[in-house]
Amino acid sequence: MTAPGSRVRRRRALRRLGVTGLWLAALLTVGAWLGVFLALAPARAALNGAAQSLGTLDRQLADAQATLAPLDLLGRPETQDAARTLRTLAEAAQRTPLLDVFISPATLDAGVTLARQWETDLRGRPPLPTLTDARRSVTEWQAHVQTLQRRLTGLGVGLGLLVTLLCAWFAAGQAALIRLAAEAGPGQSH
């Protein structure tokens with residue numbers, strides 16, 4: 001049989017151990033959530049930065065597209081036909097015998113040269129960039145970044161909940177230890 005003083009000491013030690021375990025479980029839970037938050041913060045910041053950069057790029061592409069849209073008329077066949085007609089008219093004016101009385105031959109020559117150059121430039125110019133494909137690509141990347149942000153948030157919450165569950169399990173064991181210490185009164189022997 002155990003001495004009554006040792007039972008009291010054992011009961012106090014069990015209770016103290018249980019309370020310490022409960023505090024430890026609470027600290028571990030808070031620390032784990034803080035650790036998960038701090039561990040995932042750089043990735044979250046990088047994804048937020050990427051989302052902002054993609055948003056800025058999309059706005060800039062939309063502005064460029066709106067700015068270049070009026071110039072797209074220059075690439076149409078109607079514009080090239082108009083330039084060809086203007087060249088033909090300038091050449092016909094140059095060949096008209098009495099027109100050089102009213103307009104100097106140098107001006108007529110310059111007009112023909114200018115019309116030919118304009119027609120050549122329109123025919124040989126590279127097409128204006130189509131920014132629709134670039135904007136579509138940016139939109140796809142924005143959706144991808146948003147998906148990664150949601151997954152990262154889910155991962156953080158999942159890890160936090162898992163650690164909380166483990167700490168709750170540990171705390172339940174500590175609460176059982178405290179209850180066992182309280183039940184082991186001075187008259188009982190265990």
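**A tour starting at helix H4**

In this predicted model, begin by selecting helix H4 and colouring Leu108, Val112, Ala115, Glu119 and Leu122, which are the residues to look at here because they are buried, each having under 20% relative accessible area. These residues lie on the same side of H4, because they cover an arc of only 100 degrees around the axis. An α-helix has 3.6 residues a turn, so residues three or four places apart point the same way.

Now turn to the other side of H4 and select Ala106, Leu114 and Gly124, which are exposed. With the whole helix selected, residues 105-124, you have 20 residues that reach 28 Å from the first C-alpha to the last, close to the 28 Å expected at 1.5 Å a residue.

What covers the buried side? Among the elements that cover the buried residues of H4 are helix H2 (77-95) and helix H3 (99-102), and these can be shown next.

Within helix H2, select arginine 87, which counts as buried because its relative accessibility is 18%. If its neighbours within four places in sequence are left aside, arginine 87 is in contact with Ala115, Arg116 and Glu119, and two of these names, Ala115 and Glu119, have already appeared among the buried residues of H4.

Finally, move to the surface and select Leu155, Leu159, Leu162, Leu166 and Trp169, which form a nonpolar patch with about 550 Å² of accessible area together. One of them, leucine 159, has its place in helix H5 (residues 132-183), and leucine 159 is partly exposed, with a relative accessible area of 37%.

Note on methods
Residues are numbered from 1 along each chain as its sequence is written. This is a predicted model: local features need pLDDT of at least 70, side-chain atom pairs count only at pLDDT 80 or more; totals for chains, interfaces and linings use all residues. Side-chain values use heavy atoms; hydrogens and water are left out. Helices (H or I, at least four residues) and strands (E, at least two) are DSSP runs, numbered from the N terminus. The expected span of a helix is 1.5 Å times one less than its number of residues. Buried means under 20% relative accessible area, exposed over 50%, partly exposed in between (1.4 Å probe, protein chains only). The arc is that of the directions from the helix axis to the C-beta atoms. Contact means heavy atoms within 4.5 Å. Patches are made of residues with over 30% relative accessible area and no salt bridge: like charges are joined within 9 Å, nonpolar side chains (Val, Leu, Ile, Met, Phe, Trp, Tyr) within 5 Å. Accessible areas come from the Shrake-Rupley method with a 1.4 Å probe; for residues, only the protein chains shown count as cover. A salt bridge is a side-chain nitrogen of Lys or Arg within 4 Å of a carboxyl oxygen of Asp or Glu.
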